[in-house]
Amino acid sequence: MATDYSKYLRMEKLPLYWCPGCGNGTILKAMITAIDELGWQNDDIMMVSGIGCSSRATGYVDFHTIHTLHGRAVPVATAIKMCHPDMHVIVFSGDGDSTAIGGNHFIHACRRNIDLTVIIVDNWIYGMTGGQYSPLTPTGTKASTMPRGNIDPNFDIAELAKGAGATFVARSSVADPMILKNYIKKGLSHKGMSVIDALSNCHIQWGRRNKYGDPVKLVDLIKEKTVTKAKAAKMSEEELKGKYVTGILYENTAKKEYTQAYKELVEKAQNE
Amino acid sequence: MAVEQAPVVVNEDLCTACGICIKVCPKNVLELVEALHVWTGSMCKVQRPEDCIRCKLCEVACPHFAIDVVDVGVELTFTDSKGNQVTKSK
Ligand SMILES: Cc1ncc(C[n+]2csc(CCOP(=O)(O)OP(=O)(O)O)c2C)c(N)n1
Ligand code: SF4
Ligand code: SF4
Ligand code: SF4
Ligand SMILES: [Mg+2]
């Protein structure tokens, strides 16, 4: 059935303030459609964001929302989840927000396997503040603070999340919004720390510096750079250089979730 | 007369004429048309509604919540690109 977006959006805040064609909206829509398909009620959802273009998303949705500080969405979300374990807590965060200033918070939430769903809007750049490079800016590409091309190796955020202890890790992009929606839906349903790396187009701050100032062209480039897990299995390391492997990359239902562990601890202490 | 219901509708208050839906449409239904509406000087218009297969690719790809596709099965009544009134049920 068609999704009635107005059920989930603060319609009076529209039109979106994002640049024409910005992937933030595509990812937000995928998230809303996933929630609609799950049949969740607005009042059972807490959406938390940090600071950045992508983090503005919390202003548009009619859930419980907090627009926190740059990099601090995950600790705020952690606190909310600890106090309200029955609430669905979603973090919507930029690549800079979650892996630069907020990187430490991010890995420790993964380590604890707390039941959050973290959607990383991975547009390879600090969009809001003028195109500074982030830990996810592809090596060799230009940023305002790397005008001759980025010399930093970038994180593979999916590997990082998995290594740090997250129990659901998936990647897709704005070039495959239906698949992205399915992964977000799976991540939302998963009990434990879920990380969805959502590759996105910032054709303004990343694109204009790298000859992809047009949103359609940049979405095409993202499509070119992604390969499915099945395809990647047949490719050599050399062929996979600079590519992003998409799919559900890791799923583990055996590891204990953090609020559950805490609940058990409280019950044990009360029975002593 | 039945109420007008096209298969796909653009909300011109939300559309930014980014062109993403036009790129993903497999049936070439949509087009950017010159208009004094937004700062880009154009607007996304449903030019050939009769060709729409209601696949929703445009809707899921639109970053601005600006295009909606009617579910398959809902009856449609609209004016096609040649100016004829069309009724479609499937
Ligand atoms: C403590 C602090 N440091 C720096 C900033 C400035 N700042 C705002 S957004 C941002 C980066 C945003 O990049 P990202 O998280 O990738 O989000 P995007 O805009 O790309 O969606 C920075 C550095 C800030 N607001 N607060
Ligand atoms: S600057 Fe980039 S991330 Fe920010 S709204 Fe524009 S396109 Fe989107
Ligand atoms: S529903 Fe499919 S065929 Fe119809 S306009 Fe959208 S993309 Fe084109
Ligand atoms: S994708 Fe949306 S905003 Fe962009 S041109 Fe199409 S209807 Fe307009
Ligand atoms: Mg960013």
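**Figure 1. Residues around ligand 3 in chain B of the predicted model****.** The shell around ligand 3 consists of V8(B), C25(B), P26(B), V29(B), C52(B), I53(B), R54(B), C55(B), K56(B), C58(B) and V69(B). By class, nine of these residues are nonpolar, two are charged and none is polar. K56(B) belongs to the loop that runs between β3 (42-46) and α2 (57-61) of chain B. The phi angle of K56(B) is near 70°, a positive value in a residue other than glycine. Most residues other than glycine have a negative phi. With a relative accessible area of 18%, K56(B) is buried, because the limit for that class is under 20%.

**Figure 2. Residues around ligand 4****.** This shell is made up of C15(B), T16(B), A17(B), C18(B), G19(B), C21(B), C44(B), C62(B), P63(B), H64(B), A66(B) and I67(B). Nine of its residues are nonpolar and three are polar, with no charged residue. P20(A) is in contact with residues that include T16(B), C18(B) and H64(B); these three also appear in the shell of ligand 4. Other contacts of P20(A), leaving out residues up to four places away in sequence, are H203(A), P215(A) and W39(B). P20(A) sits in the segment before α1 of chain A. Its C-alpha atom is separated by 20 Å from that of I51(A), 31 residues apart along the chain.

**Figure 3. Residues around ligand 2 in chain A****.** Ligand 2 is surrounded by W18(A), C19(A), C22(A), N24(A), C53(A), N123(A), G127(A), C202(A), I204(A) and Q205(A). Six residues of this shell are nonpolar, four are polar and none is charged. C202(A) is 20 residues apart from I222(A) in sequence, and the C-alpha atoms of the two are 11 Å apart.

**Figure 4. The magnesium ion (ligand 5) and its donors****.** D95(A) (OD), N123(A) (OD1) and I125(A) (O) coordinate the ion at 2.0 to 2.1 Å. Along the chain, the donors follow the spacing D-x27-N-x1-I. Because D95(A) is in helix α3 (residues 95-99) of chain A and I125(A) is in the loop between β4 (116-122) and α5 (157-164) of chain A, the pair ties together parts that are 30 residues apart in sequence. Both D95(A) and I125(A) are buried. N123(A) is also one of the residues around ligand 2.

**Figure 5. The largest nonpolar core and helix α1 of chain A****.** The core has 70 residues, and those with the most contacts inside it are L28(A), M31(A), I32(A), I35(A), F92(A), I184(A) and L30(B). Helix α1 (residues 23-38) of chain A gives the most to this core, contributing seven residues. A second, separate core of 25 residues includes V89(A), F106(A), A166(A) and M193(A). Nonpolar side chains tend to be buried together in soluble globular proteins. I35(A) is in contact with Y8(A), W40(A), I45(A), F63(A), I90(A) and L188(A), leaving aside neighbours within four places in sequence. Of the 16 residues of α1(A), 13 are buried. At 1.5 Å a residue, the 16 residues of α1(A) should span 22 Å, which agrees with the 23 Å between its end C-alpha atoms. Just after the helix, G39(A) has a positive phi of about 75°.

**Figure 6. Contacts of S200(A) and I222(A)****.** S200(A) is located in the loop between β6 (194-199) and α7 (203-207) of chain A and, at 1% relative accessibility, counts as buried. Apart from neighbours within four places in sequence, S200(A) is in contact with G23(A), N24(A), I27(A), V121(A), D122(A), N123(A), V174(A) and I222(A). I222(A) lies in helix α8 (residues 215-225) of chain A; with a relative accessible area of 0%, I222(A) is buried. On the same basis, the contacts of I222(A) are W124(A), S173(A), V174(A), L199(A), S200(A) and N201(A).

**Figure 7. T246(A) in strand β8 of chain A****.** Strand β8 spans residues 244-251. T246(A) has 12% relative accessibility and counts as buried. Beyond its neighbours within four places in sequence, T246(A) is in contact with R171(A), S172(A), T226(A), V227(A), T228(A) and K229(A).

**Figure 8. Backbone geometry at P15(A) and K211(A)****.** The peptide bond from L14(A) to P15(A) is cis, with omega near 5°. P15(A) is in the segment before α1 of chain A. Most peptide bonds are trans. K211(A), in the loop between α7 and α8 of chain A, has a positive phi of about 65° although it is not a glycine. With a relative accessible area of 76%, K211(A) is exposed.

Terms used:
Residues numbered from 1 in each chain as written. Chains lettered and ligands numbered in written order. Predicted model: local features only at pLDDT ≥ 70, side-chain atom pairs only at ≥ 80, totals over all residues. Heavy atoms only, no water. Near = heavy atom within 4 Å. Nonpolar A, V, L, I, M, F, W, Y, C, P; charged D, E, K, R; others polar. Core = buried A, V, L, I, M, F, W, Y, C linked by side-chain atoms within 4.5 Å. Buried < 20%, exposed > 50% of the residue type's maximum accessible area, 1.4 Å probe, protein only. Helix = DSSP H or I, 4+ residues; strand = E, 2+ residues; numbered from the N terminus. Contact = heavy atoms within 4.5 Å. Donors = N, O, S within 2.8 Å, 3.2 Å for Na, K, Ca; no water. Expected span 1.5 Å × (residues − 1).
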